[in-house]
Amino acid sequence: MAMGRRRWLALYRDALRAAKVHEGKKKYLVAMLPEHLNLAEPGRTPQVLEAVRQVARSAKEEVGATTRALDAATRLRANLRRDLLYEDKRKRVREKETHKPHANLAWYLRKFDLVARRAPGTEPPSVGPRDELEVLEEMLQVSCQPPRRMLEAAVQGLAASPLAFDRAIEAAWIIELRSPYVMAPESVASLVRGAMSKSGKEPWRAKQAMHIWRTYLECGAAADRGLGSLAVATAASAARSAEDVHGLEETMQIASEKGVQLNDTARMGILEAYERSGQYEKAFACMKTMNVKAQTPSADVLLGLLDWAVHKGQSDRVEFIHDILTSSGKGKYLAAMSSPTC
């Protein structure tokens with residue numbers, strides 16, 4: 001793809017500015033960057049800025065790398081401006097569509113349905129599209145706009161397959177950049193669930209799930225309180241550092257600002273993350289917002305809080321933890337675990 005030097009430099013500067021934001025205030029947006037662009041190493045601290053520089057260097061040498069550089073810059077900019085993009089799309093979609101459907105649309109719909117009905121894990125055919133995403137890409141190549149039903153079905157179907165989750169992210173980007181529609185809450189939910197389902201083998205996916213939910217919460221496309229609470233709780237179970245905990249706090253704050261109150265499942269997860277990361281004052285403050293008698297923290301967390309309160313000489317908090325241990329029966333469990341055995 002030919003591109004003048006002036007345009008290339010403008011694109012590069014714009015991409016660098018967007019990359020800095022992805023490494024700074026908006027690290028959570030990395031969750032929606034497609035892996036094939038190699039803009040962030042999975043599960044690690046994002047190095048988006050260096051990745052953009054690498055793309056720029058390769059664009060001078062590799063065939064097709066300029067196209068990849070343009071794609072990377074486009075995704076980074078759109079990732080930061082999704083709220084504005086969605087606001088514009090919502091205004092436009094209210095206008096009644098009058099264009100005629102593409103002549104091949106019915107044929108593509110049948111083709112899509114055949115692919116979508118293929119059993120998960122089935123070997124793709126040697127000829128023809130291997131999944132829903134490839135059907136969408138074929139359609140766009142001939143200027144056949146996929147309808148909303150097809151786009152949403154592609155995201156949800158791919159997200160449900162453990163081996164195709166990253167292709168579900170790519171299908172979501174087709175909705176973002178190459179359609180007049182916004183992501184439906186059901187499709188956002190499928191991405192969140194898909195990331196959580198992979199967190200057993202890839203723990204960093206737990207954080208990705210929460211960050212996807214937060215990304216779409218900010219642009220009004222993810223109002224599912226129960227799923228958001230589960231995503232936060234899942235991310236909290238994998239949180240180990242103060243930075244991880246800060247991400248949990250930010251998500252809770254954004255949810256509150258959007259009028260989405262997360263439940264005690266999320267708060268319990270954050271409470272346990274506070275204890276693991278040694279933020280005991282915050283842990284006790286969190287407990288005050290919860291009904292800890294109805295849903296008590298784990299015995300290990302209570303023991304950690306008790307040890308800290310004893311060490312600090314905070315008798316009121318020691319008594320508070322003792323009451324929880326007694327009422328929940330977890331005090332007997334800890335006593336049994338610490339008693340000598342024959």
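Q: Which exposed residues does helix 16 carry on the face turned away from its buried side?
A: The model is predicted. Helix 16 covers residues 315-328. Its face turned away from the buried side carries exposed residues. They are S315, D316, E319, T326 and S327.

Q: What arc around the axis do the buried residues of helix 16 cover?
A: An α-helix has 3.6 residues a turn, so residues three or four places apart point the same way. In helix 16, the buried residues are R317, V318, I321, I324 and L325. They lie on the same side of the helix, because they cover an arc of only 125°.

Q: How far apart are the end C-alpha atoms of helix 16?
A: The helix has 14 residues. At 1.5 Å a residue, the expected span is 20 Å. The model agrees, with the end C-alpha atoms apart by 20 Å.

Q: Which residue follows helix 16?
A: Its phi is positive, near 80°. The residue is G329.

Q: Which residues does M287 contact, leaving aside neighbours within four places in sequence?
A: M287 belongs to the largest nonpolar core, which has 83 residues. M287 is among the members that touch the most others. Its contacts, with those neighbours left aside, are L271, V292, P297, L302, L305, F320, I321 and I324.

Q: Which helix gives the largest share of the largest nonpolar core?
A: Members touching the most others include M183, L191 and Y216. The largest share of this core is eight residues. Those eight come from helix 8.

Q: How many residues make up the second, separate core?
A: This core includes W8, A19, L39 and A69. Its count is 20 residues.

Q: How many residues apart in sequence are the parts tied together by Y86 and Y216?
A: The model has four aromatic pairs. Y86 and Y216 form a tilted one, 6.4 Å centre to centre with 45° between the planes. Y86 lies in helix 4 and Y216 in helix 10, so the pair ties together parts separated by 130 residues.

Q: Are Y86 and Y216 buried or exposed?
A: Y86 has 0% relative accessibility. Y216 has a relative accessible area of 0%. Under 20% counts as buried. Y86 and Y216 are therefore buried.

Q: Which aromatic cluster holds F284 and W308?
A: The ring centres of F284 and W308 are 5.9 Å apart with planes at 35°, so this pair is tilted. F284 lies in helix 14 and W308 in helix 15, so the pair ties together parts that are 24 residues apart in sequence. Both residues are buried. The cluster is Y280, F284 and W308.

Q: Over the face of which ring does R214 lie?
A: R82 lies over the face of W173, at 5.4 Å from the ring centre. R214 is at 3.7 Å from the centre of its ring. That ring belongs to Y28.

Note on methods: Residues are numbered from 1 along each chain as its sequence is written. This is a predicted model: local features need pLDDT of at least 70, side-chain atom pairs count only at pLDDT 80 or more; totals for chains, interfaces and linings use all residues. Side-chain values use heavy atoms; hydrogens and water are left out. Rings of Phe, Tyr and Trp (its six-membered ring) pair if their centres lie within 6.5 Å; planes under 30 degrees apart count as stacked, over 60 as edge-to-face and the rest as tilted. Helices (H or I, at least four residues) and strands (E, at least two) are DSSP runs, numbered from the N terminus. Buried means under 20% relative accessible area, exposed over 50%, partly exposed in between (1.4 Å probe, protein chains only). A charge sits over a ring if NZ of Lys or CZ of Arg is within 6 Å of the ring centre and within 35 degrees of the ring normal. A nonpolar core is a set of buried Ala, Val, Leu, Ile, Met, Phe, Trp, Tyr and Cys residues joined through side-chain atoms within 4.5 Å. Contact means heavy atoms within 4.5 Å. The expected span of a helix is 1.5 Å times one less than its number of residues. The arc is that of the directions from the helix axis to the C-beta atoms.
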